[in-house]
Amino acid sequence: MALSAKLTMRQGQTMVLTPQLLQAIKLLQMPNVELSSFIENELASNPLLERAEERESLTQEAHEGEPAAPAAEPSLEPGDWASETLETDVGGLAANLGTELDNAFDSDRPAPAAPAPASDGLSANCWTGVGGGGGFDVGDHPDLEAYVAEALSLREHLERQAAILLNEPAERLIGAALIDGLDEAGYFVGSLEDVAEKLGTTAENVEAVLIRMQALEPTGIFARSLAECLTLQLRERDRFDPAMQALIENLPALGKRDYQLLRRVCGVDDEDLIDMISEIRRLEPKPGRAYGEAPGAPAIPDVYVTAAPDRTWRVELNSQALPRVLVNEVYAATIRRGAKRDEDKQYVSAQLQSANWLTKSLEQRARTILNVASEIVRRQDAFLIEGVSGLKPLNLKMVGEAIGVHESTVSRATAHKFIQTPRGLFEMKYFFTASIASDSGQAHSAEAVRQRIRQMIDEENPGDVLSDDLIVERLRKAHIVVARRTVAKYRDSLKIPSSVERRKLKTSPFSPRHLRDESIAAEV
């Protein structure tokens, strides 16, 4: 077969993603914080953009009219106690007060010092304090931020204590290296040998400093294992007796709930073992989490859903979260008229086109989010009334076909977006759930089935714990068809143990009050 080059013509249709279209897609999937930062950069780079609030403020000031005439100052009569000039004559003071000076002023009180001469052109009679004494100037205000409690990190908290505990410079260097080796839970995860090699000392010296720093707050810090962390806390409470030491040395048996083995190794009866386990549960397995990272900013809803008087739902965009920018056409025309060079005219045209595209993209973004949210509310009406049990199966394609957009557009419009409902604040993605088959013809939401399984297990009798097979049978009676492995998968996602573990927990005298209470056994 011979190879040859030739020219051919072919007609076809392809979608070209222009920069403006890419910008609109990018804006649609941006969360509120990222969008606000993007708008700030555009306002700084494009002189033809302005905030809508600024224009409204200027318009309001323009329509306020002429300023009102200043109010006339009240005239002071000769007998008034206050006057424009400070009265210094004793006779004049007595005449104005209507009594002797000794009756009005404490004669034993020393006279105030004469005011210093003004050096900045101000009158010496001007008041510089409040109440005639020292204090703040009239225009000063106390700095309230100076009184706000400082949120310390774990590192800062330990560094302040180490500066008091460690006196020698070499010890402080070792202490700083040990602080660097802590994880978020407060455990020392580094190597003593590596720290010693780095600082040119011995591992014994590093370990000696580590033992001293284990006395810092919070108790249990700088532990190298869970057992050591609990031991430090028990010693501080004076509860580390031989029986408790045996229990700490057998934490894996506690995690497996092998209480028979624990009774034997600790040499105690059931009542004492219950008290010991209760003491263990009151300890903190992660002492460093009290000084974790600052909590993130609360989620800001993009859409509000409220009940209307006609028993429907009102869906509104959060106007506070929507950036409002306008194009200053007047300023653009003024610059264009004054531009002499072609480069200047091209720059103005490019900035004007960019500003127009940005405003249109923001309007399209708001319209798309509102349409998607309205369709979600329409389809999940039962959830707003009944709760999770009323959640219906929903996917991106169903919403996209209803509002006339592609499902990828729905995915971008719901990414990192939140909706405030009477049931609480939810991410829009929460309302998209898989469908579970039903023998009655009506499909069920996977999230609703998961919550039903949780409810069934919470209400089960401790003497008759439900197995996965029994849960499947009960769901079938409710016309929900699921496999046993699906029930096991949903149960694992809810962090609910198996029926064997639940039976052991609920029938044992050592079990916690609630199955999902956090305990040391979960940390083993």
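Q: Which helix holds Ser349?
A: You're looking at a predicted model, where local features need pLDDT of at least 70, side-chain atom pairs count only at pLDDT 80 or more, and totals for chains, interfaces and linings use all residues. Residues are numbered from 1 along each chain as its sequence is written, and side-chain values use heavy atoms, with hydrogens and water left out. Helices (H or I, at least four residues) and strands (E, at least two) are DSSP runs numbered from the N terminus. Go to residues 342-379 and you'll find Ser349 there, in helix H16.

Q: What does the relative accessible area of Ser349 make it?
A: There are three classes: buried is under 20% relative accessible area, exposed is over 50%, and partly exposed is in between (1.4 Å probe, protein chains only). Ser349 has a value of 38%. That puts Ser349 in the middle class, so call it partly exposed.

Q: How far apart in space are Ser349 and Ala332?
A: Along the sequence, 17 residues separate Ser349 from Ala332. Going from C-alpha to C-alpha in space, the gap is 8.6 Å.

Q: What is the distance in space between Ser225 and Pro285?
A: Start with Ser225, which sits in the loop between helix H9 (203-213) and H10 and is partly exposed at 33% relative accessibility. Pro285 is 60 residues away in sequence. In space, though, their C-alpha atoms are separated by 9.7 Å.

Q: Which peptide bond is cis, with omega near 0°?
A: Stay in the loop between H9 and H10, since Pro218 is found there too. The bond leading into Pro218 has omega near 0°, and it's the one from Glu217 to Pro218.

Q: How many salt bridges does a search of the whole structure find?
A: To count, a side-chain nitrogen of Lys or Arg has to be within 4 Å of a carboxyl oxygen of Asp or Glu. One of the pairs is Asp270 with Arg263, at 3.1 Å from N to O. Asp270 is partly exposed at 36%, and Arg263 is partly exposed at 27%. Over the whole structure, the search gives a total of 20.

Q: Why does the salt bridge between Arg239 and Glu279 tie together separate parts, and how many residues apart are they?
A: The closest N and O atoms of Arg239 and Glu279 are 3.8 Å apart. Arg239 is in the loop between helix H10 (226-236) and helix H11 (242-249), while Glu279 belongs to helix H14 (residues 270-281), so the bridge joins parts whose separation in sequence is 40 residues.

Q: Which partner in the Arg239 and Glu279 pair is buried?
A: Arg239 has a relative accessible area of 27%, so it counts as partly exposed. The other residue of the pair comes in at 8%, and that buried residue is Glu279.

Q: Which residues are linked with Arg237 and Arg282 in a network of salt bridges?
A: You've already met the pair that forms a bridge at 3.8 Å. Those two residues join Arg237 and Arg282 in the network, and they are Arg239 and Glu279.

Q: Which residue forms a salt bridge with Asp468?
A: The closest N and O atoms of this pair are 3.1 Å apart. The bridge links distant parts of the chain, with Asp468 in helix H21 (residues 468-477) and its partner in helix H22, 23 residues away. Both residues are buried. The partner is Arg491.

Q: Which residues of H22 meet Ala446, Val449, Arg450, Ile453 and Ile457 of H20?
A: Meeting is a matter of contact, meaning heavy atoms within 4.5 Å. Arg491 shows up again here, this time facing H20. The full set on the H22 side is Val487, Tyr490, Arg491 and Ser493.

Q: Why do H20 and H22 get their label, and what is it?
A: Axes are lines fitted to C-alpha atoms, for helices over the stretch in contact, and angles run from 0 to 180 degrees between N-to-C directions. Under 35 degrees counts as roughly parallel, over 145 as roughly antiparallel, 65 to 115 as roughly perpendicular and the rest as oblique. Helix H20 (residues 446-458) and helix H22 (residues 484-493) have axes 10 Å apart and pack at about 80°. The label for H20 and H22 is therefore roughly perpendicular.

Q: What is the relative accessibility of Lys495?
A: Lys495 sits in the loop between H22 and helix H23 (499-507). Its phi is positive, about 60°, although Lys495 is not a glycine. Lys495 counts as exposed because its relative accessibility is 70%.

Q: Where is His416 found?
A: His416 has a phi near 60°, a positive value in a residue other than glycine. You'll find His416 in the loop between helix H19 (407-414) and strand E5 (418-421).
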